[in-house]
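This report walks through the fold of one protein chain. Please have the sequence and the model open side by side.

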Amino acid sequence: MIIRKAYKFRLKTNQTISRKLAQFAGSSRLVWNKALAFQKERLKQAQSCLSYAGLTKELTQWKRESDLFFLKEVHSQALQQSLKNLSQALKEAFDKTNPKQFPRFKKKGQRDSFRYPQGFKVDNDHGRIFLPKIGWIRYNKSQDVIGEAKNVTVSKRGQHWFISIQVEIDRVIPQHPSDSIVGGDLGIAKFLALSNNQYYEPISIFKNLKNKLAKLQKQLAKKERFSNRWRRLKAKITKLHIRIADTRNDYLHKLSNELSKNHAIVILEDLKIANMSRSAKGTVENPGTNVKQKSGLNRAILDQGWGEFVRQLEYKLTWNGGQLIQVNPRNTSRKCPKCSHISAENRKTQAVFCCQKCNYTNHADYVGSLNIREAGYVSLGLGGSSLELLMKSQPAEGV
């Protein structure tokens, strides 16, 4: 089994190196924007887009232009990688089976980055990396880079530069040490409720810091754009956004690590998060209702990071010899796990489930996890009735 993973480290830079990295990122951004404008012009004239090979020929011509002389100072692989990324983005945009969003022009300061597909060197012993046309740069080493390095991406986040080294590791698929199968119900009041009656609280880091963020943004609106005070305040806001993202990501990594090591199979709902968090504002002709309440719910959903959690859990389970199963979420919160009666009246409140047919009562999130686990059992072909599954892991009744 081929495992692809990435090691991310913060670079130890000085003013000279930072300026060089910014030059490479800016040139890569310029090539992307210039190539995208070129392709759009061809489409406007009813011509087909050039392939990656055709774009590389255009890049050679651009380097000869007097006002683009600085492109020669940047390693050609970094510029070619921008063209390759654009070609892939256009291909995905025109894919009839699953079209993606059409690529957009990049702005300075928004995800500044560039990539080397080869030519770089990693020195584990001294915690440094060699980047062509830049040289050796030390990084904050937290672990050795294990595996065959395939590419390295250099990116800026806040005031710091980072490297992400993607590697491939060929290893035998392991046997998972556990035979546990659990269902999990993702939520807001409880981030995750498992069918073994385990609960994980949400971190809700954005909710905790949104007032501080709003205060800084109001102060920023009163400053003159691009003045020194505006820039300092902008840096504070960026730093706070990074803190929110890092805190959430750290929590999700720790939780997904724990679950992937303790359970062989985890069953979750296949949630359409984009649909669930869609705006209720509507249009001028047909305005939405309960817009304020829905926007608050959307923020709460996105603050949990369900999509990222599922992504992390899936690959970590695979690495450990486990499996993630996603099932249809239909009626998982309305079905009684004891008598299988389905009704919206079974869940009159967020926390309490009370079957209107057999009077079975329990915590609503726990009931949802049982139904999710049963749906996973059916998809695995393991069979078993709802009552049998319930009795195997049923705690004392009551909320």
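Two strands count as paired if DSSP finds at least two bridges between them. With that in hand, take β6 and β7. They form a hairpin with two residues between them. Gly158 sits in the turn and has a positive phi of about 70°. The model is predicted, and local features need pLDDT of at least 70.

## Overall picture

The protein has 10 helices and 14 strands. Its C-alpha trace spans about 80 × 60 × 45 Å along the principal axes. Of its 399 residues, 38% count as buried. Now take the contacts with a sequence separation of 6 or more. Residues 24 or more positions apart account for 65% of them.

## The four-stranded sheet

The hairpin belongs to an open sheet of four strands. Its order is β1-β7-β6-β2, with antiparallel pairing. The edge strands are β1 (2-10) and β2 (113-116), and each pairs on one side only. On average, neighbouring strands here are turned by 20° against each other, direction ignored.

Go through the sheet pair by pair. β1 and β7 (residues 160-170) are antiparallel and share nine bridges. In this pair, Lys8 has Ser164 of β7 as its bridge partner. β6 and β7 are joined by nine bridges and also run antiparallel. Here Arg157 has His160 of β7 as its bridge partner. β2 and β6 pair in the antiparallel sense over four bridges. Phe114 has Val154 of β6 as its bridge partner.

What lies across β2, β6 and β7? Helix α1 (residues 15-44) does. The helix runs at about 90° to β2.

## The five-stranded sheet

A second region holds an open sheet of five strands, in the order β10-β9-β8-β11-β12. Its pairing is mixed. β10 (199-200) and β12 (323-327) stand at the edges with a single partner strand each, so one side of each has no neighbour in the sheet.

β8 has a partner on each side in this order. With β9 (residues 192-194), β8 pairs in the antiparallel sense over three bridges. β8 and β9 form a hairpin with five residues between them. With β11 (residues 265-269), β8 runs parallel, and three bridges join the two. The table lists residues of β8 and the residues opposite them.

| Residue in β8 | Opposite residue | Partner strand |
|---|---|---|
| Ile181 | Ile265 | β11 |
| Gly183 | Ile267 | β11 |
| Gly184 | Leu194 | β9 |

Is β8 buried or exposed? Six of its six residues are buried, so β8 is largely enclosed by the rest of the structure. Both faces are covered. Ile181, Gly183 and Asp185 are buried on one side. Val182, Gly184 and Leu186 are buried on the other.

Helix α9 lies across β8, β9, β10, β11 and β12. The helix runs at about 130° to β8.

## The second largest pocket

β8 also helps to line a pocket. The second largest pocket has a volume of about 490 Å³. It is lined by 23 residues, and the closest to its centre are Asp185, Leu186, Glu269, Met276 and Arg347. Three elements give two or more residues to the lining: β8 (181-186), α7 (291-304) and α9 (364-380). By class, the lining has 10 nonpolar, seven polar and six charged residues.

Some of these residues have already come up. Asp185 and Leu186 are both buried, on opposite faces of β8.

## A buried lysine

Lys316 lies in helix α8 (residues 306-319). Why does Lys316 count as buried? Its relative accessibility is 6%, and buried means under 20%.

Which residues does Lys316 touch, leaving out those up to four places away in sequence? The list is His253, Ser256, Asn257 and Ser260. Take Ser256 as an example of a contact across the sequence. Lys316 and Ser256 are 60 residues apart in sequence. In space they are 7.4 Å apart, C-alpha to C-alpha.

Note on methods. Residues are numbered from 1 along each chain as its sequence is written. This is a predicted model: local features need pLDDT of at least 70, side-chain atom pairs count only at pLDDT 80 or more; totals for chains, interfaces and linings use all residues. Side-chain values use heavy atoms; hydrogens and water are left out. On a 1 Å grid over the protein atoms alone, a cavity is a set of points where a 1.4 Å probe fits but cannot get out, and a pocket is an open set with protein on both sides within 12 Å along at least five of seven lines; lining residues have an atom within 4 Å of a point. Grid points are joined across faces, edges and corners, and a volume is the space filled by probe spheres set on the points. Ala, Val, Leu, Ile, Met, Phe, Trp, Tyr, Cys and Pro count as nonpolar, Asp, Glu, Lys and Arg as charged, and the others, Gly among them, as polar. Axes are lines fitted to C-alpha atoms, for helices over the stretch in contact, and angles run from 0 to 180 degrees between N-to-C directions. Contact means heavy atoms within 4.5 Å. Buried means under 20% relative accessible area, exposed over 50%, partly exposed in between (1.4 Å probe, protein chains only).
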